Amino acid sequence: MKLWYRKPAKVFEEALPIGNGSLGGMVYGGIKNERISLNEDTLWSGYPKDQSDKNAYPYLEKVRNAIDNGEMESAQEMLWKHMTAEWTESYQPIGNLRICMEHGDKATAYKRELDIEEAIAFTTYRINEDCYSRQVFCSNPDKVMIVRLSANSRGKLSFELFFDSLHPVSICMDRMKEGPVLFMEGRAPAYAAPNYHEDKNPVRYAERGHIGTTFAAVLLPIVKGGQILEVDNKLVVKNADEAIILITAGTNFAGMTVDPMESSIDPQKSVRNTLIQSIQYSYQELFERHLKDYQKLFKRVEFELDGEENDHIPTDQRLIENEKNHTDNKLFTLIFQYGRYLLISSARQGTMPANLQGIWNEKVRAPWSSNYTLNINAEMNYWLAENTNLSECHLSLLEYTKGIAINGARTAKMNYNCNGWCAHHNSDIWGQSEAVGRPASDNTSIAYSYWVHGGSWLAHHIWEHYEYTKDLEFLKEYKSVLFGAAEFLLDYSLEQDGKLAFYPTTSPENSYFLEDRKFSVSKDCAMDIAMLLDVFEACRKAKEIVGEEDILYRRCMDAIVKIPEYRIGSKGQILEWNREYAEVEQNHRHLSHLYGFFPGNSMRTETLKQAVKKSMLIRGDDATGWGIAWKICIWARLKDGDHTKKVLDNAIRYTDSTSKNTGKGGVYLNLLGAHPPFQIDSNFGMTAGITEMLLQSHENYINLLPAMPTEWKNGKVKGLCARGGVEVSMEWKNGELLEAIVYAKQSFDGIVIYKCKTLKVQMKQGEVKRIQEGHFDEDK
């Protein structure tokens with residue numbers, strides 16, 4: 001459970017991530033000059049904006065008429081001219097903590113590592129006869145980052161400590177009884193344009209009478225021996241035996257609807273108070289508190305595969321070596337647990353959701369603004385949350401969903417004259433819910449911007465959380481959000497010839513040819529059908545459990561029988577649009593037309609499953625990083641273990657940090673996902689896909705080892721979760737199940753399947769049941 005290397009990181013894609021859900025750092029492991037880049041999850045550019053437009057919705061009828069008349073150019077042009085939002089805002093870096101050692105750079109026996117079992121980074125090296133050690137971790141209980149420096153001889157630690165930032169900041173000193181304190185205060189931009197949009201003034205710290213979010217970072221060194229001097233906005237430690245550095249950061253963010261100019265939060269006061277609370281503990285106590293909190297989540301799941309022990313090989317070499325034959329089974333278990341480590345480190349209850357880069361970003365204009373991309377990426381971040389026993393981490397996304405639903409109700413009413421709520425493909429900390437892209441140069445931008453199912457997909461996560469936890473109080477709290485998403489879909493839909501018609505619409509980011517011209521606007525895409533079925537079915541089940549919502553429930557039930565059927569094309573594939581067009585990109589990264597198969601569950605017939613398989617063969621096994629991860633999940637659901645493993649091999653191929661967006665993803669040397677560039681969704685998607693290989697529960701039964709590849713002959717897994725509120729552990733040998741252990745976190749009455757053999761299981765809450773292959777009935 002370690003990533004380790006024999007040289008310091010030179011670039012972000014080689015540094016090692018640490019975090020506590022809100023405070024994050026990338027540890028470079030420098031010898032003379034250590035850099036830890038700092039992030040705090042609420043530091044974004046911008047401020048709350050209402051970008052809806054009550055004059056927008058009358059155009060819908062004209063667009064629909066144009067689509068019905070086959071006038072796609074006109075329809076697309078009208079949609080583009082009525083985009084009401086500019087862009088989302090951008091996730092921002094705090095800056096860097098710099099530790100400049102006096103001893104120089106000529107070291108031997110160098111090693112840096114990230115221990116994901118204990119969530120701590122180490123750097124060790126020797127200079128002459130002196131051995132130096134550095135440990136870094138982020139504590140969730142105490143909301144601080146802790147750096148410990150030590151050496152094997154007394155008085156050997158001499159170094160400078162200081163902050164720097166890409167933002168305009170001020171540095172000041174203060175003093176506590178424990179010693180001098182260094183503060184950095186600054187402000188995020190009021191506007192930061194996406195990295196892909198040309199703008200004469202892309203970063204503005206004041207805009208339209210607004211300023212950005214303010215932030216503060218603080219560090220306190222506590223040393224044994226030696227002394228601390230204050231020199232030119234730096235703290236200089238001389239001849240210490242040991243140094244413990246406490247760091248924390250915060251902002252004046254007070255909620256989606258609160259303008260930073262109106263916030264009553266003083267970030268410097270907040271970080272000072274956090275520091276005061278943390279210094280009551282020794283280093284060992286801080287570490288033990290951190291470890292207990294972290295391992296309460298991480299230790300729930302264990303995963304082992306038999307194979308050669310390659311821990312003695314540095315991770316970068318190991319990654320490259322694996323590409324020769326893809327047989328390093330232990331690397332796959334590391335990748336699996338790394339996804340869980342990253343989610344625990346970037347998303348906790350009460351924090352912001354993990355964004356495109358989790359919580360780790362060093363750029364003012366990050367790729368795609370490091371925002372919440374709702375047409376796959378933000379949701380993929382949480383595909384592993386429930387089935388790998390990290391349900392509490394899922395709450396960060398679900399709590400955000402409640403907030404964006406408020407803004408989304410405004411968007412639904414103002415832009416579409418619909419009740420309920422909706423969101424489009426991009427959002428941010430301010431809950432942006434309108435369609436972005438107004439400044440785009442032409443109407444092709446609607447391929448990504450005009451898509452109204454952001455709320456539908458988020459609503460799917462509400463139901464998933466309930467399915468896994470059976471938390472009745474949660475369902476009661478969130479049912480209005482779930483039904484609100486359904487109400488928008490009902491109001492946006494039309495009835496034509498006894499069937500629902502859903503348009504204008506697009507299939508995210510994909511385009512088709514019509515008379516040799518590219519278009520995206522359409523009607524009744526496969527994804528629309530899947531979203532309608534998904535949300536309405538969730539409402540039906542929720543109504544049976546909690547009651548109420550009678551009117552909306554009846555509307556859902558009336559509508560669900562009128563949803564068009566999925567269409568199958570001439571090649572046996574699922575049609576992405578409402579007719580068979582030639583695709584602009586046959587190997588397109590998005591698999592939106594297969595949403596109904598994964599993560600949804602409405603493509604259940606054998607005919608549809610075969611059409612899904614044909615669609616996957618047409619799309620091929622390569623894509624961007626997260627695109628490959630989605631393919632892993634779908635091939636696992638198709639129960640083809642060897643093909644799933646083949647795609648998984650693509651997902652963990654080495655990608656150089658200088659690689660451009662070639663459409664072929666992988667992982668960087670630090671195992672973070674490469675789109676390229678860095679996007680964390682593929683890390684989470686890979687872990688979710690591996691879990692689908694081991695355990696599935698979407699078909700109203702628990703399926704053990706449904707997509708086991710030939711190469712994973714022997715192994716065991718503990719603590720995976722299935723729908724219905726149960727945990728499952730398994731061991732297998734020579735590809736055959738030895739034993740499964742089912743633990744009922746809630747009372748459970750269901751069916752367990754292994755290789756088409758079934759077992760009826762009834763369990764009380766807290767009961768444990770051991771199942772062996774001989775317990776199953778034959779082929780039922």
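Helices (H or I, at least four residues) and strands (E, at least two) are DSSP runs, numbered from the N terminus. By that count the protein has 17 helices and 38 strands. This is a predicted model, in which local features need pLDDT of at least 70, side-chain atom pairs count only at pLDDT 80 or more, and totals for chains, interfaces and linings use all residues. Residues are numbered from 1 along each chain as its sequence is written, and side-chain values use heavy atoms, with hydrogens and water left out.

Start with the overall form. The radius of gyration, taken over C-alpha atoms, is 26 Å. The globule rule (2.2 Å times the number of residues to the power 0.38) gives 28 Å for 780 residues, so the protein is as compact as a globular protein of that length. Along the principal axes, the C-alpha atoms fill a box of roughly 85 × 70 × 50 Å. Buried residues (under 20% relative accessible area; exposed is over 50%, partly exposed in between; 1.4 Å probe, protein chains only) make up 64% of the 780. Contact means heavy atoms within 4.5 Å. Among contacts between residues at least 6 apart in sequence, 69% join residues at least 24 apart.

Now find the open sheet of 9 strands. Strands of a sheet pair through backbone hydrogen bonds, either parallel or antiparallel. Here two strands pair if DSSP finds at least two bridges between them. The order is S1-S6-S7-S8-S9-S20-S17-S12-S11, with antiparallel pairing. Strand S1 (2-5) and strand S11 (169-176) are the edges, each pairing on one side only. From one strand to the next, the twist averages 15°.

Look inside this sheet at S7 (residues 120-127) and S8 (residues 130-139). They pair in the antiparallel sense over 7 bridges. Phe122 stands opposite Gln135 in S8. Helix H4 (residues 283-298) packs on the sheet, touching S7, S8, strand S9 (144-151) and strand S20 (242-251). The direction of H4 makes about 50° with that of S8. Axes are lines fitted to C-alpha atoms, for helices over the stretch in contact, and angles run from 0 to 180 degrees between N-to-C directions.

Strand S21 (residues 302-305) shows alternating side chains. Phe303 and Leu305 point to one face and are buried, while Glu302 and Glu304 point to the other and are not. S21 runs antiparallel to strand S33 (residues 715-722), joined by 4 bridges. The bridge partner of Phe303 in S33 is Val717.

Next comes helix H14 (residues 606-619). Its 14 residues reach 20 Å from first C-alpha to last, close to the 20 Å expected (1.5 Å times one less than the number of residues). Leu608, Ala611, Val612, Ser615, Met616, Ile618 and Arg619 are buried. They cover an arc of only 160° around the axis (from the directions between the helix axis and the C-beta atoms), which puts them on the same side of H14. On the other side, Glu606 and Thr607 are exposed. The buried residues pack against strand S28 (582-583) and helix H15 (625-637). Just after H14, Gly620 takes a positive phi of about 85°.

Finally, check some loops. A cis peptide bond joins Tyr503 and Pro504, with omega about 0°. Pro504 lies in the loop between strand S25 (499-501) and strand S26 (512-514). Glu509 is found in the loop between S25 and S26. Glu509 has a positive phi of about 70° although it is not a glycine, and is partly exposed at 21% relative accessible area.
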